[in-house]
Amino acid sequence: MGAAQEVSASKHLLGAMTITASLLAACGAARADEGISLKAPGSETTLTIRGYVKLDAIWSDCSAGVDSVGDQTLSINTVPVGPTACQHKKNQVTMHARQSRLSVATSTPTSYGDLTTFIEGDFFGADGNESTTNSNGFRIRHAYGALGKLSAGQYWTNFFNEQAYVETLDFGGPVGEIFVRQAQLRWTEKLARGDWSVSAENPESLIAIPGSATTLRSDSDHAPDFTTRVRLGSGGAVYSAGALVRNIHIDTAAPAANSGRWGGGVALTGIVPVGERDDLRVNFNVGNAIGRYQNGGFFPDGYLDASGSLHLARQTSGYVAFRHFWTPELRSTLELSAASSNPPAGTAVGINKSDRSQHVNLIWSPVRAVNLGAEYIHAQRTVVGGDHGSLNRIQFSAQYSF
């Protein structure tokens, strides 16, 4: 788009914003702490619009490559490994606004309970380039609906308690966390001090194959991933335990394989208040099929041997994070995280084996809807064969919510 067209588009956008503001006023919209809510006269449906604009300015001691998302967020799979991995790639500076987010939610009372819908997206879709317009694709994050106890659509996996995620400026977060959003059907039962839920979720198998440092994505999934989770509150703390059962399967002509194995995992989380405002967040995950559920899909779901047989491997991960409020407006989080696997003998050199990360930040909120902060990030990656690499990063962020 040329400069003249951009100016013209801006004028049209300002006009559309004016019309929208008038409609919101006519419908009795109110700006709440967590978005803009409105209800049209005669309607029982409440519409809520939320979102934020976020700028990230990042210095990395080693670049992940031209236009790589690994320079914009901690993507542990892009950390180079080997003695010359960072040669000619040192001291990378990048700025982006891709984490900016928009969501729309509705709520309508019914005889079965509230009918709710939620759609949310950000700009970490198709990668753009940094040459001119820095355009990036808008992508779906969440899209689900719920009526009473039944919900359906795309949301955080039921295997993990998303409330336990750590507050970091970095969009990638701790490498040891479970991090998956996917299509699912979920049933939730309320308990006296929490809830219990079960789900059937979209399956996908990533398989390590002989002689290759990359994984093969299977196109033969035979059963949904099944999860169950209980979440309970006690004395201001929130604890959860989740279980995962999966059928890992591969059916390919090259390499010749038709094999499947059942596996699973357990995820434990806790959010423990410390004093009036501070909190401690902990997570521990263990199993033989955590695989792509690990942040960044760091581990394969299964390992294929030379005879075409499929094997699973023990995988563990977790983090501990402490958030401290220096004042009501100023806070810091310190996070320590790790993940490791025990791949079978013969696994190809270059397949991920372990990683580590540490985040420490300082965030200032002069008003409720604004976060200004700085963060230091250190990460390490080790692959089968012993090669390893590290990343040091400093990030500055400004986030403005509505």
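Which strands form the open sheet, and in what order? Hi everyone, let me start there, with the reminder that this is a predicted model. The answer is β12-β11-β17-β18, 4 strands with mixed pairing. At the edges sit β12 (215-217) and β18 (310-311), each of them pairing on one side only.

Inside that sheet, please find strand β11, residues 206-208, and strand β17, residues 302-304. These two run parallel and are joined by 2 bridges. If you want a residue to click on, take A208, whose bridge partner in β17 is Y303.

Now step into the loop between β11 and β12, where you will meet P210. Is P210 buried or partly exposed? Its relative accessible area is 36%, so P210 is partly exposed. Apart from its neighbours within four places in sequence, P210 has contacts with L304, D305 and A306. To get a feel for distances, compare P210 with A97: 113 residues separate them in sequence, and their C-alpha atoms are 40 Å apart.

On to the nonpolar cores. The largest one has 16 residues, and the members that touch the most other members are F159, F160, A164, I178, Y293 and Y319. Three elements give two or more residues to this core: β8 (150-156), β15 (257-274) and β19 (315-327). There is also a second, separate core of 10 residues, with V175, F299, A339 and A379 among them. As general background, nonpolar side chains in soluble globular proteins tend to be buried together.

Let me stay with Y319 for a moment. Leaving out neighbours within four places in sequence, Y319 is in contact with a list of residues that includes F160 and A164, and also R281, L336 and S337.

R281 brings us to charges. How many salt bridges does the model have? The count comes to 16. R281 belongs to a network of salt bridges that also links E167, D279, R323 and R331.

Beyond that network, I would like to show you three pairs. In the first, R139 and D122 form a salt bridge whose closest N and O atoms are 2.6 Å apart. R139 is in strand β7 (residues 139-147) and D122 is in strand β6 (residues 115-122), so this pair ties together parts 17 residues apart in sequence. Look at the surroundings too: D122 is buried, at 0% relative accessibility, while R139 is partly exposed at 23%.

The second pair is K149 and E189, with 3.0 Å between the closest N and O atoms. K149 sits in the loop between β7 and β8, and E189 in strand β9 (residues 181-191), so the salt bridge ties together parts that are 40 residues apart in sequence. Both ends are partly exposed here, K149 at 40% relative accessibility and E189 at 23%.

The third pair is R292 with D225, where the N to O distance is 3.1 Å. This one links distant parts of the chain, 67 residues apart: R292 is in the loop between β16 (278-287) and β17, and D225 is in strand β13 (residues 225-234). Are these two buried or exposed? R292 counts as buried at 12% relative accessibility, and D225 is buried as well, with a relative accessible area of 1%.

From salt bridges to a covalent link. A search of the whole structure turns up 1 disulfide. The cysteines are C62 and C86, with an S to S distance of 2.2 Å. The link is right-handed, with 140° about the S-S bond. C62 lies in strand β3 (residues 46-62) and C86 in the loop between β3 and β4 (90-96), so the pair ties together parts 24 residues apart in sequence. C62 itself is buried, its relative accessible area being 4%.

My last stop is S240, in strand β14 (residues 237-252). Which side chain does S240 meet in a polar contact? That would be T269, at 2.5 Å. S240 counts as buried because its relative accessibility is 7%, under the 20% cut-off. Setting aside neighbours within four places in sequence, the residues in contact with S240 are N161, V230, R231, A267, L268 and T269.

That's my tour. Thanks for listening, and I'm happy to go back to any of these spots on screen.

Methods:
Residues numbered from 1 in each chain as written. Predicted model: local features only at pLDDT ≥ 70, side-chain atom pairs only at ≥ 80, totals over all residues. Heavy atoms only, no water. Buried < 20%, exposed > 50% of the residue type's maximum accessible area, 1.4 Å probe, protein only. Polar contact = N/O pair within 3.5 Å; in protein donor to acceptor, adjacent residues only side chain to side chain. Contact = heavy atoms within 4.5 Å. Core = buried A, V, L, I, M, F, W, Y, C linked by side-chain atoms within 4.5 Å. Pairing = 2+ DSSP bridges. Salt bridge = Lys/Arg side-chain N within 4 Å of Asp/Glu carboxyl O. Disulfide = S-S within 2.5 Å.
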